[in-house]
Amino acid sequence: MLLLSFVFATKCLAAPIINGSFEDGLSGWTTNDPAKVQVVNSYIASDISTPVIMNPTDGDNFAVIKAGSPVTSLLSTSFFVIAGQDISFDWFFDGNDYKPFNDFWSYALQISVGGVPIVANILAQIATTGDFALTGWHNEVFSAPSSGEVQIAFYAVNAFDSLFSSVLGIDNIKA
């Protein structure tokens, strides 16, 4: 009985992210602005001169988060991890703005016990990508520093104005 309890507790600590490639739309995810978050099978991004078609990195769909005007748009979900477990996701940033309006996107992870953020990171912003620039797909990987329930949230921020809104693409989220 003790062994069965240990196996059950261990399995409860780590759980895959539900719908990490958005094949079931936004099922399992929460957003503060449903009008700004969509699930798509392709996205036409553009740098200042040429449209670029962005396709999923896993499955048939991915999520796009359009920065609010002029507020933050976010998409989040919760899951369980074991300390040292890798968490990864693919992302692109379509910077539809120009300096000095420094639109950016960020992600945050937090352990629900105590609510202390364990990772909060800006991965792309107009100041570093350039005016009206597209990053292309990137992969982010990191290890969970402790075990427990984790909330991951992706933020797209339209900084200092409401004229142009940058877009964040997210796909292939795994834990």
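How many helices and strands are there in the chain? This predicted model contains 2 helices and 12 strands. Along the sequence, these elements follow the pattern α-β-β-β-β-β-β-β-β-β-α-β-β-β.

**Overall character of the chain**

The chain has 175 residues, of which 41% count as buried. Its accessible surface comes to about 8,600 Å², and carbon and sulfur atoms account for 60% of that area. Among contacts between residues at least 6 apart in sequence, 78% join residues at least 24 apart.

**A negatively charged surface patch**

Glu23, Asp24, Asp58 and Asp60 gather on the surface in a patch of negative charge. Aspartate 58 is placed in the loop that runs between strand S4 (51-54) and strand S5 (62-66). Its relative accessibility is 31%, so aspartate 58 counts as partly exposed, the partly exposed class lying between 20% and 50%.

Aspartate 60 likewise lies in the loop between S4 and S5. This residue is classed as exposed because its relative accessible area is 55%, and the exposed class begins over 50%. Although 37 residues separate aspartate 60 from glutamate 23 in sequence, the C-alpha atoms of the two are 6.6 Å apart. When residues up to four places away in sequence are not counted, aspartate 60 touches Glu23, Val40 and Asn41. Glu23 is thus both a member of the patch and a contact of aspartate 60.

**Residues with positive phi**

Most residues other than glycine have a negative phi. Phenylalanine 22 has a positive phi near 60 degrees. This residue lies in the loop between helix H1 (2-13) and strand S1 (30-31). With a relative accessible area of 0%, phenylalanine 22 is therefore buried.

Asparagine 172 also has a positive phi, near 55 degrees. It is found in strand S12, which covers residues 167-174. Asparagine 172 is classed as buried because its relative accessible area is 13%, and buried means under 20%.

**Buried positions in loops**

Which residues does alanine 67 contact, leaving aside its neighbours within four places in sequence? They are Lys36, Ser73, Ala156, Val157, Asn158, Ser165 and Ser166. Alanine 67 itself is found in the loop between S5 and strand S6 (72-81), and its relative accessible area of 0% is why it counts as buried. The C-alpha atoms of alanine 67 and leucine 168 are 7.9 Å apart, with the two positions 101 residues apart in sequence numbering.

Asparagine 158, one of the contacts of alanine 67, is placed in the loop between strand S11 (148-157) and S12. At 1% relative accessibility, asparagine 158 counts as buried. Its C-alpha atom is separated by 6.6 Å from that of threonine 72, a residue 86 residues apart from it along the chain.

Glycine 130 occupies the loop between helix H2 (126-129) and strand S10 (138-143). Its relative accessibility is 15%, so glycine 130 is buried. Glycine 130 and asparagine 96 are 34 residues apart in sequence, and their C-alpha atoms lie 9.8 Å apart.

**Sequence separation and distance in space**

The pairs described above are set out in the following table.

| Residue pair | Separation in sequence | C-alpha to C-alpha distance |
|---|---|---|
| Aspartate 60 and glutamate 23 | 37 residues | 6.6 Å |
| Asparagine 158 and threonine 72 | 86 residues | 6.6 Å |
| Glycine 130 and asparagine 96 | 34 residues | 9.8 Å |
| Alanine 67 and leucine 168 | 101 residues | 7.9 Å |

Definitions and conventions
Residues are numbered from 1 along each chain as its sequence is written. This is a predicted model: local features need pLDDT of at least 70, side-chain atom pairs count only at pLDDT 80 or more; totals for chains, interfaces and linings use all residues. Side-chain values use heavy atoms; hydrogens and water are left out. Patches are made of residues with over 30% relative accessible area and no salt bridge: like charges are joined within 9 Å, nonpolar side chains (Val, Leu, Ile, Met, Phe, Trp, Tyr) within 5 Å. Accessible areas come from the Shrake-Rupley method with a 1.4 Å probe; for residues, only the protein chains shown count as cover. A salt bridge is a side-chain nitrogen of Lys or Arg within 4 Å of a carboxyl oxygen of Asp or Glu. Lys and Arg count as positive and Asp and Glu as negative; His and the chain ends are not counted. The place of a charge is taken as NZ of Lys, CZ of Arg, CG of Asp or CD of Glu. Helices (H or I, at least four residues) and strands (E, at least two) are DSSP runs, numbered from the N terminus. Buried means under 20% relative accessible area, exposed over 50%, partly exposed in between (1.4 Å probe, protein chains only). Contact means heavy atoms within 4.5 Å.
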